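Got the viewer open? Let's take a walk through this one, one selection at a time.

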Amino acid sequence: MYQMTETEMRFAELVWEEVPIASGELVKRCAEEFEWKKSTTYTFIKKLCEQGIFKNENAVVEAVLTKDEYLQQQGEVFVDKAFGGSLPKMIAAFVERKRLSHEQIMEIEKIIEDYKKN
């Protein structure tokens, strides 16, 4: 799975907020937000379309992956690489260094209970 750079992520967040968006309108928004030239915006569109994150058909940019889907895939890749695919090992490593609040524990327990029901 492709991992976006920080700049690509900022661009992607702008696109996700606006989809579907005409590519010409996206050029204007990127000029306002990032002070980019037209060619820079089209370079970013092309790159992220090639990576399967967006598509640009008939001059309209749409999401192939939502932001949540992209972040979920990135999380899965991280857990696979760093913890051999073991979510319990990742959680154990995290809580060894940072104490969870009661609210965080309750939220995790709710996620697990909801998962058990499905």
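Is Glu113 buried, partly exposed or exposed? Select Glu113 and show the surface: Glu113 is partly exposed, with a relative accessible area of 39%. Keep in mind as you click around that this is a predicted model.

Now add Lys116. The two side chains form a salt bridge, with the closest N and O atoms 3.3 Å apart. Both sit in helix H6, and because they are 3 residues apart, about one helical turn separates them. Lys116 is exposed, at 59% relative accessibility.

Next, pick Arg29 and Glu33 in helix H2 (residues 23-34), where 4 residues, about one turn of the helix, lie between one position and the other. Their side chains meet in a salt bridge at 3.5 Å, N to O. Colour by accessibility here: Arg29 is buried at 17%, while Glu33 is partly exposed at 45%. Add Glu18 and Glu32 to the selection, and you have a network of salt bridges with shared partners, made up of Glu18, Arg29, Glu32 and Glu33.

For another helix pair, go to H3 (residues 38-50) and show Lys46 and Glu50, 4 residues apart. The closest N and O atoms of this salt bridge are 3.6 Å apart, and both residues are exposed. The whole structure has 7 salt bridges.

Time for some rings. There are 7 aromatic pairs in the structure. Select Trp16 and Phe54: this pair is tilted, 5.6 Å centre to centre with 55° between the planes. Trp16 belongs to helix H1 (residues 6-18) and Phe54 to strand S2 (residues 54-57), so the pair ties together parts 38 residues apart in sequence. Both rings belong to buried residues: Trp16 has a relative accessible area of 13%, and Phe54 comes in at 3%. Then show Phe11, Phe34, Trp36 and Phe44, which ring pairs link into a cluster.

Switch to cartoon for the sheet. It is open, with 3 antiparallel strands in the order S1-S3-S2. S1 (21-22) and S2 are at the edges with a single partner strand each, so each has one side without a neighbour in the sheet. Zoom in on S1 and S3 (residues 60-63), joined by 2 bridges, and find Ile21 opposite Val61.

Last stop: the largest pocket, with a volume of about 440 Å³. Of its 14 lining residues, select Leu87, Met90, Ile91, Ile108 and Ile111, which lie nearest the centre. Helices H4 (67-83), H5 (87-97) and H6 (102-117) each give two or more residues to the lining. By class, the lining has 10 nonpolar, 2 polar and 2 charged residues.

How values were computed: Residues numbered from 1 in each chain as written. Predicted model: local features only at pLDDT ≥ 70, side-chain atom pairs only at ≥ 80, totals over all residues. Heavy atoms only, no water. 1 Å grid on protein atoms, 1.4 Å probe; cavity = no way out; pocket = protein on both sides within 12 Å on 5 of 7 lines; lining within 4 Å. Points joined across faces, edges and corners; volume = space filled by probe spheres on them. Nonpolar A, V, L, I, M, F, W, Y, C, P; charged D, E, K, R; others polar. Phe/Tyr/Trp six-rings, centres within 6.5 Å; stacked < 30°, edge-to-face > 60°. Buried < 20%, exposed > 50% of the residue type's maximum accessible area, 1.4 Å probe, protein only. Pairing = 2+ DSSP bridges. Salt bridge = Lys/Arg side-chain N within 4 Å of Asp/Glu carboxyl O.
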